[in-house]
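Reader: I should like to learn how to read the features of a model such as this one. May we proceed feature by feature, with the general idea given before the case?

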Amino acid sequence: MKESHYLAGKILLREEINIHNDQFHHLIELGYLQSIPAITRKFHQYKCNRCHTTTLHHFGKIPCSRCQTTHVYCRNCIQTGRVLFCEELFLWTGPDIVWPQQKNPCYWDGTLTKHQQLAANAILHATSKPKQELLIWAVCGAGKTEMLYPAITEAIRHNKRICLATPRADVVQELYPRLKEVFPNTEMEALYGGTGVRTGVGQLIIATTHQLIRYQNAFDLLIIDELDAFPFHHDPLLHQFAVRSAKKYATKIYLTATPRPKQKRLIESNKLKAIFVPIRFHGYPLPVPRLRLELGLKRKISQNKMLHSLEAFLDSHDPKRQWLLFVPTIQLLTPFAKLLEEKGLDLATVHADDPKRKEKITAYREGKINVLITTTILERGVTFPSIDVVMIDAGHDVFDEAAIVQIAGRAGRSPKDPTGDVLLIHQGKTEAMIQAVKQIKRMNQKGKAL
Amino acid sequence: MSYCLICQSFIQTEVTWSNFLFPNKASNLCEECQKKIEQIEGDICEKCGRQMKQQGLCSDCIRWETRGECKEVLEKNRAVFQYNSFMKEIISQWKYRGDYHLIEIFKPYILEVFDQHFSKLDSNFVMIPIPLTEERLYERAFNQSEAIAKIISKKSIIPSILKRDPTKTEKQSKKSKRARLESNNPFYLETGLNKTAVIVDDIYTTGTTIYHAAKTLKLAGCPHVYSFTLIR
C-alpha cells in the first residue's frame, strides 16, 4: 500500500491527506488511522493538539461556515495549515514501513580521526539500544556530521527511520546534498519552510524542527543538531514536537558546540550522558578571538562613520581573502555595506528574510563575493573553508556566549588553512565575551592534552 | 496585554495622561507594522477609487468605459488600502491561509473609509458580498467578502441572493489579465431586487468580478449599484 508509506508516522489534518474519501474511510475501518480532536478544551484553556500551544493569544475566533458556529482556531499553526476547533487530526496507527534492504548504504570513503571515531562509536552504541539519550559536545569544526555516519548506516541496515533535525533552514540545505552523496540509495527528504525535497516518504529525513509538527511516533533515531540554538532553545513547543515525532523506544542524539547551562547541569549530575570532542577534525586549535576596543562605537555607528579598528583590520588584511562581517541588527547591514563599498570591496548583505539568501550564500561559498555582511543567521552550521570573521558591537545582546563561540568557530575550518582571524569590535567587554574566550581557550587546552 | 497580529511582538504603548484617563482601544498592530500599511489617500480615480497622481480616470476604467456593455453599470468603487507587498502578505495569510482573526486589523480602517464615501447613500441600501463557490467556502471556512460586509453593517447584508455558477468560476488570481477580462459572467440572481446595492469584495484588480456582479444586479432591477473593496 503506497498511501501507508505517505501516512506512516504522521499526524495530519484531513486536507493534508491526499486520498479519496472511500480509501480514507477504509483506512479508518482498518484501524490504521485514528482520529483525535484538533483542539481540546480543558476548563477555560484551549490546547491545539497539533502544535501543543495553550497560549491564549494563539487562538482566534472564526464564524465557521462548515459547522455554522463561531469557534476558535489555532493561529500558531497558520503557517503550516489552519487548525479549526471543529476539525480532527488523524494519526497513523497502522503498520510501520518496511524499507528496502540495504547491506552497505554508506558510500563515504573518508576516514574518521581518532576523536571522531570515539564519539562515533559512542553514538553507534547508543543507537543499538532502546531509549538512549546522548549528548555530543564537540567544538565547532570537529566534524560532527561525519561522526553520525556509522550510526545512520547501522540504523538504515536495521530498517529504522531516522530524523536529523536542525533549527536552521540553511543547515538543512547544506546537509541534504552532503548526506545524499553518502547515502545515495536511501529515500531522503529535506524539509524546511520553503520548497525543499518533499516526497512524503523518507527513511532519512533532514528537517528544521518546525517541520516535525506533522510527525508522531515516527523515528527510531532522532538526532537534534545545535540543540542550544534559537529557536529550539527559546520555544518549548518545538521540544514537544521533537519528543512526539520520536518513537517511544527511540534513541535521541543531541549535538552541540555550546551547551546551555541547563544541559551542563544535566551532564554534571550524570542525568545526561555526554561525549566530549574538544579538538577540530584537522587537529589544529580553535582561533581565539581578539577583542578590540573602539571608543564611541555606538555614536560612530549611528553617524555612519568608519571605525578605526575596522580600518586597521582592512589595512592588514589580504584583500583576496574572504571574510564575514557580523552585525547585531538588520538595520546595520546597509550602512556597513555602504562604508565598505567606498573602500572598493566586493560584498553582499544577507539576513533571515532576504529573498535571495540562498543565492548569496552560494555565491559567497563559490568565492564570487569577497565579503558577506550578515546578521547572526550565519552564526552556526554553515562552513566556508578559509575565512576571517569580524564582529561589530560584540557587546550587543544578540551576541551571547554561545553566539560568540559559534561565530569564532566559522574561522579556520579547512585543514589547508586551519587558522583564521577573529576580531570582536566592542565598546566595553561583556561577560559573554570574556566567557566565550575562556571557553575557547579551555577547549584548546583540553585538545592539546589529548 | 496585546500582541501584534502580524509580527507577534508584544505591543507596548506609552502611558500618557490622556490614555491613562481615557484608555483608547488597543491597536492590533505594532507601530512598525502599522507604518507599512498604505491607505488610499489624496487623489483617486473617480470611478474605481484607485490611488492616482492626479484626478481623472485610471487606464483600467477608461477601458471599461469604452466597452459599451459595461457602461453605466457601476456608479463607483471605493477601496481602503493600496496593494503593496506588505498588504499582499496580510491578505494571503488572511484569505488563503485562513487566519480569520486578521480582520481585526482592517476593522477601524473599513469603518472610516466606508463612512467617508458612502454616508450619503439612502439608508435602505443593501450589501451584496461576492459569493464563493461551495467548494471554496468549505476550504476557507469563511467568505472574506462577507466578513468585510459584516463589519460595516450586519443588518443590510443579503448574503445568498447573488449566486455563483461553479461551472463558470475559476480562481481569478490564477488567470492572466486578458483571460480575466474575457471570462464569462458567473453570477446570477433567482429573484428581482429593487434596492440600491453595494457590492463588497476583498480585492479590485481588473474590476471584472465587480462589473460582472454589477451587471447582474442591474438586470435584476437595482437602480444604483456601488461597490466597496478592501484593496484597489
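Author: Let us begin with burial. A residue is buried if 20 or more other C-beta atoms lie within 10 Å of its own, exposed if 12 or fewer, and partly exposed in between, the C-beta atoms being placed from the backbone. A:Leu307 has 20 other C-beta atoms within 10 Å and is therefore buried. The model is predicted: local features need pLDDT of at least 70, and side-chain atom pairs count only at pLDDT 80 or more, whereas totals for chains, interfaces and linings use all residues. Residues are numbered from 1 along each chain as its sequence is written, while chains are lettered from A and ligands numbered from 1 in the order in which they are written.

Reader: Where does A:Leu307 lie, and which residues does A:Leu307 touch?

Author: Helices (H or I, at least four residues) and strands (E, at least two) are DSSP runs, numbered from the N terminus. A:Leu307 is placed in the loop between helix H8 (297-302) and helix H9 (308-315) of chain A. Two residues are in contact if their C-beta atoms, placed from the backbone, lie within 7 Å. Leaving aside residues up to four places away in sequence, A:Leu307 touches A:Glu294, A:Leu297, A:Lys300 and A:Ile425. From A:Leu307 to A:Ile392 there are 85 residues in sequence and 9.6 Å in space, C-alpha to C-alpha.

Reader: How should the overall form of chain A be read?

Author: The radius of gyration is taken over C-alpha atoms, and the globule rule is 2.2 Å times the number of residues to the power 0.38. For 450 residues a compact globule would have a radius near 22 Å, and the 24 Å of chain A agrees with this. The C-alpha trace spans about 75 × 55 × 45 Å along its principal axes. Chain A contains 13 helices and 21 strands, and 46% of its 450 residues are buried. Of the contacts with a separation of 6 or more, 74% join residues 24 or more positions apart.

Reader: In what order do the seven strands of the open sheet run?

Author: Two strands pair if DSSP finds at least two bridges between them. The order in chain A is S11-S12-S10-S13-S14-S9-S15, with parallel pairing. Strand S11 (188-191) and strand S15 (273-277) stand at the edges with a single partner strand each, so one side of each has no neighbour in the sheet. Neighbouring strands of this sheet are turned by 15° against each other on average, direction ignored.

Reader: How enclosed is S9(A)?

Author: Five of the six residues of S9(A) are buried, so the strand is largely enclosed by the rest of the structure. Five parallel bridges join S9(A) to S14(A), where A:Leu135 stands opposite A:Tyr254. S9(A) also pairs with S15(A) in the parallel sense over five bridges, and there the bridge partner of A:Leu135 is A:Ala274.

Reader: Which helices lie across these strands?

Author: Axes are lines fitted to C-alpha atoms, for helices over the stretch in contact, and angles run from 0 to 180 degrees between N-to-C directions. Helix H3 (residues 114-127) of chain A lies across strands including S9 (133-138), and runs at about 165° to S9(A). Helix H4 (residues 144-157) of chain A lies across S9, S10, S12, S13 and S14, at about 180° to S13(A).

Reader: How is a nonpolar core recognised?

Author: In soluble globular proteins, nonpolar side chains tend to be buried together. A nonpolar core is a set of buried Ala, Val, Leu, Ile, Met, Phe, Trp, Tyr and Cys residues joined through C-beta atoms within 7 Å. The largest one here has 188 residues, and those with the most contacts inside it are A:Ile123, A:Ile136 and A:Val389. H4(A) gives the largest share of this core, seven residues. Among the residues that A:Val389 touches are A:Trp323, A:Phe326 and A:Val422.

Reader: What do the two faces of strand S4 of chain A show?

Author: In a regular strand the side chains alternate between the two faces of the sheet. In strand S4 (residues 45-48) of chain A, A:Tyr46 and A:Cys48 form the covered face, and A:Gln45 and A:Lys47 the uncovered one. Strand S3 (residues 39-42) of chain A pairs with S4(A) in the antiparallel sense over four bridges.
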